[in-house]
Amino acid sequence: MSIYQFYQPPLYWQQFEDLAVELLREVYRLPDAQAFGRPGQAQYGVDVFGTSDEHGLIALQCKRMSDTDRNGNPYPGGAISSKFLFDAAEEIKRFPEKISYWILATTAKRDTAVQLYVQELNRRWRDEGFECKAIVWAWDDCVTHLNSFPDLQQRYYRDVIQIRSSRDLDEMIIETIAIAFHRRAFEAPLHIETWLEFEQALQDTHRALRTGTLVDRISRHIIRHTVGGWRRINDRDWKQRLKEIDADLSKLRDGFDLGRKDGTIEITNGYLDFSKDMEQARRLEELRNGCLTKLNSILRETDIDPIDLRE
């Protein structure tokens, strides 16, 4: 029996285009499938194209959506409006060669409204005598194609394929969270922290905990992305403990925000100054260290090394 695997969409537009080239090549057996042009050139609504004796010229446009769900988790969603579809379809008519099929490939979920837009578009083209057929590949369709071609799975989703159980998935998410906590903001004494870097580190760590997305401190580029944050953990005990860490991080961030607003935490030469209320500093230190202690209790139950707690 075959196992159907779900895949997250690529993080970047260029990655999605590269995958689209390979999907078009495999699904329609187009050995010459390739990206069309480059950014800044007139592309007539075409990002990828290829030809075959059986199908003629097939053109594909990529549309990567970047919406997030109500929990802040990146997911393959987002609306393809009728205006977007019909505007893109008008560009196709100006393509220098005759197109047999035009595919709109998107990371959006399959949507009955979009499917009906495509049916309407095909009717319009038929009435106009424009000999081209429109097709939409939602991310669900891309996943179906990926499951049909093991070589593509291996090439683009090697790490995902290695996941064999819900525990493997849990540990991938927890590892991302652990990497996020391996930051100076959770290691150095508070009084030697610069406020701007500390505030950003707290935000980044909290984001990784909630979404599974970790960004580089300097470049701000995404350096690691798993399928979700603590809400996607299957193990109920781990999930509950990570939920508690989430709540503690919220308290920690609120404590610093309040201290900055009421003046009990000052910035002296760019560094945090707690001299007005050392007891507050002690409470925040305990809260911060408590997050690490709770996380380490989970890490010790996995193959992931605990984070050193510095006194």
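## A tour from helix to helix

Start with helices α1 and α4, where α1 passes α4 in a left-handed crossing (the near helix is turned anticlockwise from the far one by less than a right angle; clockwise would be right-handed). Helices (H or I, at least four residues) and strands (E, at least two) are DSSP runs, numbered from the N terminus. You are looking at a predicted model, in which local features need pLDDT of at least 70 and side-chain atom pairs count only at pLDDT 80 or more, while totals for chains, interfaces and linings use all residues. Residues are numbered from 1 along each chain as its sequence is written, and side-chain values use heavy atoms, with hydrogens and water left out.

**Stop 1: α1 and α4.** Select residues 13–27 for α1 and 139–148 for α4; they pack at about 55 degrees, with axes 11 Å apart (axes are lines fitted to C-alpha atoms, for helices over the stretch in contact, and angles run from 0 to 180 degrees between N-to-C directions). To see the contact (heavy atoms within 4.5 Å), show the side chains of Phe16, Leu19, Leu23 and Val27 on α1. Their partners on α4 are Trp139, Cys142, His145 and Leu146.

**Stop 2: Phe6.** Now move to the segment before α1, where you will find Phe6. At 40% relative accessibility, Phe6 is partly exposed (buried means under 20% relative accessible area, exposed over 50%, partly exposed in between, with a 1.4 Å probe and protein chains only). Draw a distance from its C-alpha to that of Val143: the separation is 6.4 Å, although these positions lie 137 residues apart along the chain count.

**Stop 3: Cys132.** Next, select the loop between α3 (112–128) and β5 (133–137), which holds Cys132. This cysteine is buried, with a relative accessible area of 10%. Which residues does Cys132 touch, not counting those up to four places away in sequence? Show Ile99, Ser100, Tyr101 and Trp102, then add Asn122 and Trp125. For another distance, pick Leu57: its C-alpha is 10.0 Å from that of Cys132, with 75 residues of sequence separation.

**Stop 4: α7 and α10.** Bring up α7 (166–181) and α10 (278–299). The two pack at about 145 degrees, with their axes 11 Å apart, and their crossing is left-handed. On the α7 side, display Ile174, Ile177, Ala178 and Phe181; on the α10 side, display Cys291, Leu292, Leu295, Ile298 and Leu299.

**Stop 5: along α10.** Stay with α10, whose 22 residues reach 31 Å from first C-alpha to last. Its buried residues include Gln280, Ala281, Leu284, Arg288 and Asn296, and Cys291, Leu292, Leu295, Ile298 and Leu299 are buried as well. To see what covers them, add α7, α8 (195–211) and α9 (236–262), which are among the covering elements.

**Stop 6: α8.** Finish on α8, with 17 residues and a reach of 24 Å from first C-alpha to last. Buried here are Trp195, Phe198, Ala201, Leu202 and Asp204, followed by Thr205, His206, Ala208, Leu209 and Thr211. What do they pack against? Select the helices α7, α9 and α10, and then the strands β6 (213–215), β8 (266–268) and β9 (271–273). Just after α8, click Gly212, which takes a positive phi of about 80 degrees.

**Zooming out.** Show the whole chain: there are 10 helices and nine strands, and buried residues make up 43% of the 311 residues. Among contacts with a separation of 6 or more, 65% join residues 24 or more positions apart.

Technical notes: Expected span 1.5 Å × (residues − 1).
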